[in-house]
Number of protein chains: 2
Amino acid sequence: MSSGNRPRIRAAGRTRGVPEATVARLPVYLRALHALADAGHDTVSSEELAVAAGVNSAKLRKDLSHLGSYGTRGVGYEVALLVDQISRALGLTQRWAVVLVGVGNLGHALAGYAGFASRGFRIAALFDADAERVGERIAGQDVRHIDDLDRVVAEEQVSIGVIATPADAAQEVADRLVEAGVTSILNFAPCVLQVPDGVDVRKVDLALELQILSFHEQRKADSAGTVTPLPASHVDAREVVGQ
Amino acid sequence: MSSGNRPRIRAAGRTRGVPEATVARLPVYLRALHALADAGHDTVSSEELAVAAGVNSAKLRKDLSHLGSYGTRGVGYEVALLVDQISRALGLTQRWAVVLVGVGNLGHALAGYAGFASRGFRIAALFDADAERVGERIAGQDVRHIDDLDRVVAEEQVSIGVIATPADAAQEVADRLVEAGVTSILNFAPCVLQVPDGVDVRKVDLALELQILSFHEQRKADSAGTVTPLPASHVDAREVVGQ
DNA sequence: TCGACTTTGTGCAGGCGTTCACAAGCGGCT
DNA sequence: AGCCGCTTGTGAACGCCTGCACAAAGTCGA
């Protein structure tokens, strides 16, 4: 996880005590619920929603129980209510302002990614260190120079930063983001970032995922070779969907 | 999880018994080792490498112990040897052929992403269903029509497919990939894929990561509000780096 | 050659997450 | 009104992962 290994913090707040693993699945449930709502469903059972989200129904129910009791026994969950509750738990009732640093290949794509806007995030500004790129217009935004970062973050109440620079620039960008007041960073650069306590970092490493797939591919090839020479005969029953 | 929750498979093969959580970290170690090698380091201690990879040193040693005993007590690990062993474990001694389906905003960026090539993956072909896009030249490759998928996968021995299409097209693309013989899929479309047993799916959801950050941001804001009105006073000591 | 120091590899305990299985609760039908 | 069937919410068991702490094993210097 992934992921959740550190003890979750029992801080004061409505959503305290929600396990990290659950938090990571809430967006998936939310997406499935939106799809169900669009399809005209009014209520949904844990079994149906679990299938749509690709998880076990018991896990789903336990996840939802961390947010409260919003189901009706014998009936299921009201889709609209659940959308509202999960959105609230995830903090999506407000529209977060995000800055994106690095408008190279990947940064370009991220700037134009519709999924951000549709899920409650607003790209407040694009930055790059390359003077050549400053002023370029991408997805309705002018690319600004990284030196303007402090001002924009303060003016636009930005708390989330996205790093899409080359790896060798990522740490410096992270430092500047933190100094400007950003407290959450999504890092696409293939490197480990050092940040002070209180700053959350999540990383997305495109090549890393492929390398994990490579591991399993090799394993399949090995076992196919040792067990039986047929290529697609005995591959084992697995999925890795969960991340 | 992310991640590793299903029981790992004890299949016949050299790398059996490597926990999923360990597999997910091996690429990180590998990257750190490459950086150390470039910096001229010949050997490295578990403590040094752990810092570079952002993990606990005991965890690192236990991870490496799953691959075998490649360290020297009192000295550390030989960088070159470790690179070799991890590469072998991950199946990176061969160069995997990958097909990329969907050359929209994100697909474009992925096609040009240098990190794939530098880590042992070769993009064998680009595909799109839009006739408008077929023939377009991206990163030295001609975009082909999705109907050519079967032929290319067979000819080029492709076992890994990357989906970068809109969500509503992803399932059909996945079906066609599987039918063509692909056994590992990296899915960038924001939806859950149904695939037969024996096919591995990993998903990367850009908006999902932001939503997780949103959750923690809200929690910080809540606790800052309830504990003390100062904005950046008491944010709790956390990192989420691990994923 | 011997002793001191350094670092690996691992046994073990604790915590988190997943899953099973079932009691509790709600709606609908008679 | 009462019963039946369905679904939620959760107690409990199990397994994986993490991190501590230490013995084993190697190097370096005298």
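**A colleague's notes on the predicted model**

1. Let's begin with a small pairing. In chain A, β2(A) and strand β3 (residues 76–78) run antiparallel to one another and are joined over 2 bridges. Within this pair, A:Gly71 sits opposite A:Tyr77 of β3(A). Please keep in mind throughout that this is a predicted model.

2. That pair belongs to an open sheet of 3 strands in chain A, ordered β1-β3-β2, with antiparallel pairing. At the edges are β1 (43–44) and β2 (71–72) of chain A, each of which pairs on one side only.

3. Now for a helix pair you may like to view down one axis. Helix α2 (residues 46–53) and helix α3 (residues 57–65), both of chain A, pack at an angle of about 105 degrees, and their axes are 8 Å apart. An angle of 65 to 115 degrees counts as roughly perpendicular, and α2(A) and α3(A) are therefore roughly perpendicular to each other. On the α2(A) side the contact is formed by A:Ser46, A:Glu47, A:Leu49, A:Ala50 and A:Ala53, while α3(A) supplies A:Ser57, A:Leu60 and A:Arg61. Sorted by class, the contact of these helices has 4 nonpolar, 2 polar and 2 charged residues.

4. For the whole of chain A, the secondary structure comes to 9 helices and 10 strands. Of the 243 residues in chain A, 45% are buried. Among contacts in chain A with a separation of 6 or more, 50% are between residues 24 or more positions apart.

5. UniProt, in an unreviewed entry, lists "domain: CoA-binding" for residues 91–192 of chain A. Over residues 91–192 the chain is 33% helix and 28% strand, and the C-alpha atoms at the two ends are 27 Å apart.

6. How enclosed is β4(A) by the rest of the structure? Buried residues account for 5 of the 6 in β4(A), so this strand is largely enclosed. β4(A) has parallel pairings with two strands. With strand β5 (residues 121–128) of chain A, β4(A) pairs in the parallel sense over 6 bridges, and A:Val99 stands opposite A:Ala125 in β5(A). With β8(A), β4(A) shares 4 bridges, and these two strands also run parallel. Here A:Val101 faces A:Ile163 of β8(A).

7. Next comes an annotated stretch. According to UniProt (unreviewed entry), the feature "binding site" covers A:Gly102, A:Val103, A:Gly104, A:Asn105, A:Leu106 and A:Gly107. One of these, A:Gly104, lies in the loop between β4 (96–101) and α5 (105–111) of chain A. A:Gly104 has 16 other C-beta atoms within 10 Å and is partly exposed.

8. Is A:Gly107 buried or exposed? This glycine is found in helix α5 of chain A. With 24 other C-beta atoms within 10 Å, A:Gly107 is buried, because 20 or more is the cut-off for that class. Apart from neighbours within four places in sequence, A:Gly107 is in contact with A:Leu100, A:Gly102 and A:Ala164.

9. A:Asn105, also listed in the "binding site" feature, is found in helix α5 of chain A. Its 17 C-beta neighbours inside 10 Å make A:Asn105 partly exposed. Which residues does A:Asn105 touch, not counting those up to four places away in sequence? They are B:Ala109, B:Gly112 and B:Tyr113, which belong to chain B. As a distance check, the C-alpha atoms of A:Asn105 and A:Asp197 are separated by 31 Å, and the two residues are 92 apart along the chain.

10. Finally, two backbone angles to look at. Most residues other than glycine have a negative phi. A:Ala139 has a positive phi of about 50 degrees although it is not a glycine. A:Ala139 is placed in the loop between β6 (137–138) and β7 (141–145) of chain A, and with 17 C-beta neighbours inside 10 Å this alanine counts as partly exposed. A:Gln157 likewise is not a glycine, and its phi is positive at about 55 degrees. A:Gln157 is in the loop between α7 (149–156) and β8 (160–163) of chain A. With 10 C-beta neighbours inside 10 Å, A:Gln157 counts as exposed.

Methods. Residues are numbered from 1 along each chain as its sequence is written. Chains are lettered from A and ligands numbered from 1 in the order in which they are written. This is a predicted model: local features need pLDDT of at least 70, side-chain atom pairs count only at pLDDT 80 or more; totals for chains, interfaces and linings use all residues. Axes are lines fitted to C-alpha atoms, for helices over the stretch in contact, and angles run from 0 to 180 degrees between N-to-C directions. Angles under 35 degrees count as roughly parallel, over 145 as roughly antiparallel, 65 to 115 as roughly perpendicular and the rest as oblique. Two residues are in contact if their C-beta atoms, placed from the backbone, lie within 7 Å. Ala, Val, Leu, Ile, Met, Phe, Trp, Tyr, Cys and Pro count as nonpolar, Asp, Glu, Lys and Arg as charged, and the others, Gly among them, as polar. Two strands pair if DSSP finds at least two bridges between them. A residue is buried if 20 or more other C-beta atoms lie within 10 Å of its own, exposed if 12 or fewer, and partly exposed in between; C-beta atoms are placed from the backbone. UniProt positions are given in the numbering used here, feature names are shortened, and annotations may be inferred rather than shown by experiment.
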